[in-house]
Amino acid sequence: MVRVSAPGKCILFGEHAVVYGHPAVAVAIDQRLTVSAELSSQWDIDGKPLNAQKHPHVEALKSRMWAHGPPLRVSIQGDIPAGSGLGSSASLSAASASCLRMLRGRYVDANGNWTEGWSSDEPNNVYFGHSKESFGENRLHGWDAVNEDESALLAHAVEASAQGGMASPIDSSTCSHGGCIVAFKEKLPELDWLYTRKLKHEEMERKWELHRLVIPEKLNSIKLVIGHTGIHGSTAKQVEMVRGKIQQNPSLIQVMDAIGQITKRGIEAFLSADPVTLGQSMNENHLLLQGLNVSCPELDALVEAAQLTSFGAKLTGAGGGGCMIALTSDPVETSRAIELAGGRAFISSLGGQGLRCEDDVGSLSWNPYEI
Ligand code: PMV
């Protein structure tokens, strides 16, 4: 049996504007999902037969990494509320991809390069082009075979397919690497560049540069309080609604530009460990999101309540429900204020740990050349 956990995420700056080419900043949170997988006589998830509609991410990973593999029993546990903009599907995808990689292993050539997997042109045949003889030597399996970049890439690919072809890679990268991740169409020289991601959908190709923002130690004592409205907000509907509004009123694109500026200010404040400017930037970002009509009375009530005891607060993610976040040095008071205003509050550090192996017992489960 193998068990891997991955954190959820929240967007600190730049939601919606990222769709229009501006940067977005996300942090991993302490709330996590844990996926376990072991060989079984039939495919099931949490005791029920695998249902592609209910678990499109697991289904997509299965056909990509485990097409002819033996059935697995999968179980999913955790404390990331689903459908709330906290990255539960990216976390599930990244942890599941890592479990399959642990079980499957990988071959490493004499130069130490991976010779199969995610870069193959044959998505369903990850061992494409390698002989039976070469397989088995220099074999990595278990946690040694897992690579955060690969898990992030696979999670992005299956998120995109589950969402009809398009998804930004910020969730999948944040839930894989942990910490703080910045996505932008260009490289940002002040940050550690990780990789480029591209996605083609309906003749349109989008490209993102992903970066790591190393959170300064001085911010260690600052917490995030997440407030859940309990209302489900649909990301697809919110993005579509914003697109319609911009079509009707093209000057609204200036709001996106303003969010882009605030996001850049937020990144600078992060790098200079300045919680006051970070909080002010969050408050301003919330006002601009209200101007786009993506907030709702319940989110506004939680934001307003949290602002009194925090550096700043804003909705996080697509809005229309879901969650808000506050940056605070008094998380107990801020949580209390959010709960009094009708939300469910939970506390997180700023930038939780990325993918983590929780269990690795007998992970070399399947040699595809033995079938
Ligand atoms: O609801 P979430 O947390 O997945 O955030 C969506 C963020 C948007 O900018 C609204 C959409 C997107 O694809 O970036």
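User: What counts as a helix and what counts as a strand here?

Analyst: Helices are DSSP runs of H or I with at least four residues, and strands are runs of E with at least two. Both kinds are numbered from the N terminus.

User: How many helices and strands does the protein chain have?

Analyst: There are nine helices and 15 strands in the protein chain. Keep in mind that this is a predicted model.

User: How much of the chain is buried?

Analyst: The chain has 371 residues, and 54% of them count as buried. About 15900 Å² of the protein chain is exposed, with 49% of that area coming from carbon and sulfur atoms.

User: What share of the contacts join residues at least 24 apart?

Analyst: That share is 75%, taken among contacts between residues at least 6 apart in sequence.

User: Ok, the ligand. Which residues surround it?

Analyst: The surrounding residues are K9, I11, E15, H16, V18, V19, G85, D171, T235, V239, G317 and A318. Sorted by class, five are nonpolar, four are polar and three are charged.

User: Which helix or strand supplies at least two residues of that shell?

Analyst: Strand β1 (2-13) does, and so does helix α5 (235-248).

User: Which atoms lie at what distance from an oxygen atom of the ligand?

Analyst: For K9, a polar side-chain atom is 2.9 Å from a ligand oxygen. H16 uses its backbone: an N or O atom there is 2.8 Å from an oxygen of the ligand. A318 also has a backbone N or O atom in the list, at 3.3 Å from a ligand oxygen. As for cover, the ligand has 380 Å² of accessible area on its own, and the protein covers 84% of that.

User: New topic. How many disulfides are there?

Analyst: Zero, after a search of the whole structure. A disulfide is a covalent bond between the sulfur atoms of two cysteines.

User: And C175, is that buried or exposed?

Analyst: C175 has a relative accessible area of 0%, so it is buried. C296 is buried as well, at 13%. The cut-off for buried is under 20%.

User: What about S93, where is that?

Analyst: S93 is in helix α2, which runs over residues 88-104. Its relative accessible area is 0%, so S93 counts as buried.

User: What does S93 contact?

Analyst: Apart from neighbours within four places in sequence, S93 contacts H57, L61, A155, V158 and E159. There is also a link to S89: its backbone oxygen is 2.7 Å from a polar atom of the S93 side chain.

User: Which residue has a positive phi although it is not a glycine?

Analyst: D46 is one of them, with a phi of about 50°. A273 also has a positive phi of about 50° without being a glycine. Most residues other than glycine have a negative phi.

User: Where do D46 and A273 lie?

Analyst: D46 is in the loop from β3 (44-45) to β4 (48-49). A273 is in the loop that joins α6 (253-271) and α7 (275-291).

User: Why does A273 count as buried?

Analyst: Because its relative accessible area is 12%, and buried means under 20%. D46 comes out as partly exposed because its value is 42%.

User: Switching to F311. What does it touch?

Analyst: Not counting neighbours within four places in sequence, F311 has contacts with I222, P275, V276, G279, Q280, N283, L327, T328 and S329. F311 lies in the loop between α8 (297-307) and β12 (312-316). At a relative accessible area of 25%, F311 is partly exposed.

User: And how far is F311 from D330?

Analyst: The C-alpha atoms of F311 and D330 are 9.8 Å apart in space, with the two positions 19 residues apart in sequence numbering.

User: Last one, A341. Where is that?

Analyst: A341 is in the loop between α9 (331-340) and β14 (344-349). Its relative accessibility is 33%, so A341 counts as partly exposed.

User: Which residues does A341 touch?

Analyst: Leaving out residues up to four places away in sequence, A341 touches A301, L302 and A305. A341 and L302 are 39 residues apart in sequence, while their C-alpha atoms are 5.9 Å apart in space.

Key
Residues numbered from 1 in each chain as written. Predicted model: local features only at pLDDT ≥ 70, side-chain atom pairs only at ≥ 80, totals over all residues. Heavy atoms only, no water. Disulfide = S-S within 2.5 Å. Buried < 20%, exposed > 50% of the residue type's maximum accessible area, 1.4 Å probe, protein only. Contact = heavy atoms within 4.5 Å. Near = heavy atom within 4 Å. Polar contact = N/O pair within 3.5 Å; in protein donor to acceptor, adjacent residues only side chain to side chain. Areas by Shrake-Rupley, 256 points an atom, 1.4 Å probe, with all protein chains shown as cover. Nonpolar A, V, L, I, M, F, W, Y, C, P; charged D, E, K, R; others polar.
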